[in-house]
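Reader: I have a few questions about how the chains sit against each other. Can we go through them one at a time?

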Amino acid sequence: MGKYILQRLGMMVFVVLGISFIIFVIMSLTPGNPAILILGQSASPDQIAALEEKMGLNNPFFVRYFDYIGNMLHGDFGNSYLTGLPVFDDIFSRFPTTLKLSALAMFFAALVGIPVGVISAIRQYSFVDAISTTLALLFASIPNFVLGLILMLVFSLNLHMFPATGVQSFASYVLPALTLSAMTMATLVRMTRSTMLEVLKQDYIRTARSKGATERSIVLTHALRNALLPVITVIGVDFGYLLGGTVVIESVFSIPGIGTLLITAIRMKDTPVVMAAIMFVTLAYSLVNLTVDIIYAFIDPRIKSQYEKR
Amino acid sequence: MANKLLEIRDLTMEYRTDDGISKVLNNVSLSLDEGETLGLVGETGAGKTTTALSIMGLLPKKTGFITGGSIDFDVYGELTKKREAEMRTIRGHEMAMIFQDPMTSLNPVIRVGDQIKESFKIHMPDLSSAEMDKKVDDMLEMVGIPSSRKNDYAHQFSGGMKQRVVIAMALSCEPRLLIADEPTTALDVTIQAQVLNMMKELKKKFNTSMILITHDLGIVAQTCDRVAVMYAGTIIESGSVNEIFESGKHHPYTTGLFGSIPDLKKDTKRLSPIDGLMPDPMELPAGCAFHVRCPKCMEICRETMPKGKVVSGTHMISCHAAEGGMQNE
Amino acid sequence: MIRQTEEIKSRTQIASIMHRLKKNKLAMLGLFVLLFMIVIAIFAGVIANYDTAVIGQNISIRLSKPSAEHWFGTDQFGRDIFARIIHGARISLSMSIIAMTIAVTIGAVIGSVAGYYGGVIDNVLMRFMDILLAIPPILMSISIVAALGQSIPNLLIALAIAYIPVFARVIRSTILSIKDQEFIEAARACGSSNRRIIMAHIIPNAIGPIIVQATLAMGATILIIASLSFMGLGVKPPAPEWGTMLYEGREFLKQAPYLVLFPGGAITISVISLNLLGDGLRDSLDPRLKN
């Protein structure tokens, strides 16, 4: 097992480095001179040249890249062009908020999505199935910010049940997390339903029935454990959508997380912040995928034994 | 006179789907004594598995319907009328079934020992966990698998060993009836013999009656006491193994079945398979279902279904030609 | 002779897919809504005059509720919302179609090279695709817009790049699944050139999955475009892109919710119809679902 974990870890490091390179390439295409941005339009050419030298802006591309990576490994993401303060501090203080939001959203999605999917599969073609499939389609198609605005309108501005903005309390997370969870919830309903249907057709389910097992134990013990395996993988993949979605949702609900930091930085052309924010989010996504892969290897006995020699 | 363990009378059953009605079983009649092994023989699609599923009450609820006949099982009464909850107490306990493909019959994510233990949990809940574990160990040993392997998963076993696990599972609660649907078809020939022998011994040990579904006449000769030949949802011939293998009289289909086996002793240039295909259960021909392919087909065969007639001892043939005594080898 | 077989194969495959698709009522609904939208987008100029209704401001009638004159009401600048939605269809549809076309083309090339030549080339290309896939599409779009600036071409480039790996994978796996099958060896033995093999075997098999992925990806792209516009990073005002309309209309959420609901509804309906169509196509291609 250790070998598998190391393998996947290695892959992750490779991917993260690759991402950092791509983002660095994209960011270095930004027109404009950071030195001017920092010093302002009225600075003299000498001052600008001096700062350019100091920031290493005249170095060749790969030197700059490796400098960046080197610094990154020390936790130094450079300083914001705007505030002059270390980027890392800002990101680090906002990260928990975004993380809480994503985790809560995934929790809601799984809490509702998986059971509904199971029920739809058992009662295939029934009224319940039809309703849940329709709602799943709706949640998968509605833009998350529209859903957010609607929820805000109804539950916040009109019914005053939840705060509309900010993160004062746990309640402030509810509407944003629900909004963010919608798409993944829909995916989970559909995936769980389809894997359950597949599994219920399998021979070993027929064997279980011939032993006299109750329908309940067939669904929960025999079928579910098999059906959930592919679903877990989907959870990992969808987390990427979730993290991307936090950017939008934070904007809708004015939540001070990495998303809003990113948007502001983009408008202000604060490149180091933009780079760091995107790196962080993609790093988080890669970590989640790694974790999911490892968990999967542990719970699927067929994979597990591939990596365990007797 | 011993009471029959299993008595099926005129069982008729159909599948109803959007594409039409498939008359899979037409007046099937079978019986089984205690301790007997009945070989149910026929081509794919003859209705053998459906008969087995009907006995077990495992027909798909939305599409499979028993439209006539009865299945009487030991002291448990008429099975076709029973509620599902009652059938569940019988299934796995008094009646058990093993299926053709061992590779897919076991749950891949549950330990093999736990799958066997499940039968005890369902049908003998009063036993303590330790007692159940002991029984699981005993069953595994009995089928030739070291009990130390009970924590392994299905994919860690070979095909033959998987089938042994399946057999252990089926026999764990010492059922009165075991239905084995082509248990060795998916296995290598050498493993086949092992598994069959093991089944024979276990059957004797537990005094279990068995219905062995197969298309292999060789297996029938080796392991069965009685034989029933099935075609297009009807039993067209039945009798003891001796009667079937040694009688001069046969249903033309059975003659064809025997004739299509290569014989080491004879010097034949070509095999003589039976011409044509089994009729589609959605469009059964009038009269005898076999008449289209039958070399002895007569006018009456096209119109009337023949009734089963005893030609000697327990040997029954359902054929107009045989009735007239005109059928000769 | 072989050319005829290629054509026949593609044609009968398409015919059987269409036949099965027709049976799926929801998918047909999606198809019709999509076609309806395409028609509207093409004739947008005829239905609603761009200069007056879409960008012309008329403060006197600002924020008026939906009425017989203005079916969807007017926004804070007095512009007719219905007209803006009609023209917005043109933007969303054309952008996502263009982005998908670019992604499919480049993705197909990459996937073909990787699948066909295998070995190191395959490895390198696929690792690169993995890296691209590890960046959520919306973040990819945001970073490209952040770097290169907010413009429609940049947005299209960003979307195309985000989805190239998807199509590269589809083509590659089609090629891999066919490459080793015996009929390819047989075809070679008969002297078919590589080009023939590609035309006759690979393309017919790959078209199906590509169309399914492209349809579903179109829905996702429309969402991304709208999301970016909503955050002020996509299509700039006064263009009537639906997301941009939401960006502008957001502050009036409580007093004039129709500024938000109609564009939001338009996006939802487009994405629903693309999802229904994509799912339907996927089901009609699945050989196991053949009755």
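**Chain contacts and cores**

Author: This is a predicted model. The contact between the two chains I would start with takes 25 residues from chain B and 18 residues from chain A.

Reader: Which helix of chain B gives the most to the side that touches chain A?

Author: Helix 4 of chain B, with four residues. Helix 2 (84-90), strand 6 (95-98), helix 3 (102-105) and helix 4 (112-123) of chain B each supply at least two.

Reader: And how do the residues on that side of chain B divide?

Author: Into eleven nonpolar, ten polar and four charged.

Reader: Switching to chains A and C. At what angle do helix 6 of chain A and helix 12 of chain C cross?

Author: Roughly 120°, with the axes coming within 8 Å. That angle is why helix 6 of chain A counts as oblique to helix 12 of chain C. The crossing of these two helices is right-handed.

Reader: Which residues make that contact?

Author: From helix 6 of chain A, Leu137(A), Ala140(A) and Ser141(A); from helix 12 of chain C, Thr268(C), Val271(C), Ile272(C) and Asn275(C). They divide into four nonpolar, three polar and no charged.

Reader: New topic. How many residues are in the largest nonpolar core?

Author: The number is 157, and Ala277(A), Tyr163(C) and Phe167(C) have the most contacts inside that core.

Reader: What does Phe167(C) touch?

Author: Leaving out residues up to four places away in sequence, Phe167(C) touches Ala103(C), Val104(C), Gly107(C), Ala108(C), Gly111(C), Ile210(C) and Gln213(C).

Reader: What does the second core include?

Author: That separate core has 87 residues, among them Val41(B), Met56(B), Leu202(B) and Met230(B).

Note on methods. Residues are numbered from 1 along each chain as its sequence is written. Chains are lettered from A and ligands numbered from 1 in the order in which they are written. This is a predicted model: local features need pLDDT of at least 70, side-chain atom pairs count only at pLDDT 80 or more; totals for chains, interfaces and linings use all residues. Axes are lines fitted to C-alpha atoms, for helices over the stretch in contact, and angles run from 0 to 180 degrees between N-to-C directions. Angles under 35 degrees count as roughly parallel, over 145 as roughly antiparallel, 65 to 115 as roughly perpendicular and the rest as oblique. A crossing is left-handed if the near helix is turned anticlockwise from the far one by less than a right angle, and right-handed if clockwise. Two residues are in contact if their C-beta atoms, placed from the backbone, lie within 7 Å. Ala, Val, Leu, Ile, Met, Phe, Trp, Tyr, Cys and Pro count as nonpolar, Asp, Glu, Lys and Arg as charged, and the others, Gly among them, as polar. A nonpolar core is a set of buried Ala, Val, Leu, Ile, Met, Phe, Trp, Tyr and Cys residues joined through C-beta atoms within 7 Å. A residue is buried if 20 or more other C-beta atoms lie within 10 Å of its own, exposed if 12 or fewer, and partly exposed in between; C-beta atoms are placed from the backbone.
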